[in-house]
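Have the model open in your viewer, with the selection panel at hand. We will go from stop to stop, and at each one you will get something to select and a note on what is there.

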Amino acid sequence: MKINVHYSNHHFDELYFTGKSSVVIDVLRATTVIVTALQNGAREIIPVNTVDFAMKVSGNAFGGQTILGGERNTKKVEGFNLGNSPLEYTPANVAGKSIILYTTNGSKSIVKAKFSENLFVCSFNNLPAIANHLVKLDKDLEIICAGNNAGFNLEDAVCAGKLIGEMKELSADIEVGDSGRASLVLDKTFGKNLLKLLKESEHGKLLIENGFAADLKYCAQFGTVDLIPYYVSGTIKKLETGNVHKEISNDPKAS
Ligand code: MLT
């Protein structure tokens with residue numbers, strides 16, 4: 001299995017992902033929000049890449065139980081029901097709901113990878129579950145770090161390195177290129193204390209400045225959620241265990 005890491009979603013077009021297996025990381029905070037919302041009973045998340053489209057999609061109501069979530073400059077978009085703090089995605093707010101999610105980098109990265117054959121969502125919260133599933137899937141992998149406005153961000157790169165490290169613990173058959181090797185080194189350097197990593201990151205400092213310090217503690221939690229968010233036909237749902245085995249048992253090498 002060959003793993004490629006991309007530090008932003010800006011340097012390729014969406015057709016690049018056709019037929020590939022991909023995983024998107026946006027630790028602060030979009031992928032942590034998605035994992036939390038699904039864990040708390042949301043029916044699905046619909047990632048979009050513009051606020052206008054979010055408003056348009058919400059008009060088509062997914063069975064009436066549709067809410068708008070997300071941020072612009074870290075703060076709730078005017079007219080949305082929720083912002084992009086995972087602490088807002090409580091069972092009371094999201095259970096049974098379809099959530100249309102717009103964020104500056106994370107939701108756009110997911111939409112960019114929409115032609116992937118398999119597309120998953122990873123945060124520190126659900127990293128072990130994702131690592132385990134990807135090793136069982138045993139397909140070459142594209143890791144997409146959402147980054148910050150087309151630029152590199154440290155927390156997503158460390159999460160990518162930690163994901164590769166976890167996968168290498170589970171399988172000897174993993175080959176990484178330069179970006180993967182760099183991510184492994186970044187995890188070894190900065191990944192021992194995830195809260196410190198987030199507090200000292202550029203985006204983490206901005207979130208603290210904007211009153212979201214509590215989000216960093218939440219986003220730094222490692223392996224607290226055993227859940228695999230899976231993108232199919234425009235929406236992200238929780239991959240049910242049955243599907244996992246069914247999907248993997250199609251693999252001739254599956255035991
Ligand atoms: C992003 O998409 O870059 C983040 O989710 C932004 C944020 O939540 O602050």
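For the first stop, a residue counts as near the ligand if one of its heavy atoms lies within 4 Å of it. Keep in mind throughout that this is a predicted model.

**Stop 1: the ligand and its shell**

Select the ligand and the shell of 13 residues around it. Which of them come nearest? They are Asn84, Thr103, Asn105, Gly106 and His203. Colour the shell by residue class and you should get 3 nonpolar, 7 polar and 3 charged residues.

Now show the side chain of Thr103, where a polar atom sits 2.7 Å from an oxygen atom of the ligand. Arg29 also offers a polar side-chain atom, at 2.8 Å from a ligand oxygen. Move on to Ala30 and switch on the backbone: here a backbone N or O atom lies 3.2 Å from an oxygen atom of the ligand. How much of the ligand's own accessible area does the protein cover? Of the 270 Å² that the ligand has on its own, 100% is covered.

**Stop 2: strand S8**

Next, select residues 141-145, which make up strand S8. Is this strand enclosed or open? Of its 5 residues, 5 are buried, so S8 is largely enclosed by the rest of the structure. Turn the strand to look at each face: Leu141, Ile143 and Cys145 are buried on one side, and Glu142 and Ile144 are buried on the other.

Add the neighbouring strands to the selection. Strand S1, residues 2-6, pairs with S8 in the parallel sense over 4 bridges. To find one place where the pairing shows, pick His6, whose bridge partner in S8 is Ile144. Strand S2, residues 21-25, is also parallel to S8, and this pairing runs over 5 bridges. Here, pick Ser22 and look across to Glu142 in S8, which stands opposite.

**Stop 3: the aromatic pairs**

Show every aromatic ring. How many aromatic pairs does a search of the whole structure find? There are 5. Zoom in on Tyr7 and Phe152, an edge-to-face pair with 5.1 Å from centre to centre and 75 degrees between the planes. Tyr7 belongs to the loop between S1 and S2, and Phe152 to the loop between S8 and helix H6 (154-170), so the pair ties together parts that are 145 residues apart in sequence. Phe152 is partly exposed, with 42% relative accessibility.

Then select Phe120 and Tyr230, whose rings form a tilted pair, 5.2 Å centre to centre with 40 degrees between the planes. Since Phe120 lies in strand S7 (residues 118-122) and Tyr230 in strand S10 (residues 229-232), this pair links parts that are 110 residues apart in sequence. Are these two rings' residues buried or exposed? Phe120 is buried at 0% relative accessible area, and Tyr230 also counts as buried, at 15% relative accessibility.

Before leaving the rings, select Phe12, Tyr16 and Phe17 together: ring pairs link them into a cluster.

**Stop 4: the loop after H6**

Finally, go to Ser171, in the loop between H6 and strand S9 (175-176). Ser171 has 16% relative accessibility; the limit for buried is under 20%, so Ser171 counts as buried. Show its side chain together with the backbone of Asp173: a polar atom of the Ser171 side chain lies 2.9 Å from the backbone nitrogen of Asp173.

Conventions. Residues numbered from 1 in each chain as written. Predicted model: local features only at pLDDT ≥ 70, side-chain atom pairs only at ≥ 80, totals over all residues. Heavy atoms only, no water. Polar contact = N/O pair within 3.5 Å; in protein donor to acceptor, adjacent residues only side chain to side chain. Areas by Shrake-Rupley, 256 points an atom, 1.4 Å probe, with all protein chains shown as cover. Nonpolar A, V, L, I, M, F, W, Y, C, P; charged D, E, K, R; others polar. Buried < 20%, exposed > 50% of the residue type's maximum accessible area, 1.4 Å probe, protein only. Helix = DSSP H or I, 4+ residues; strand = E, 2+ residues; numbered from the N terminus. Pairing = 2+ DSSP bridges. Phe/Tyr/Trp six-rings, centres within 6.5 Å; stacked < 30°, edge-to-face > 60°.
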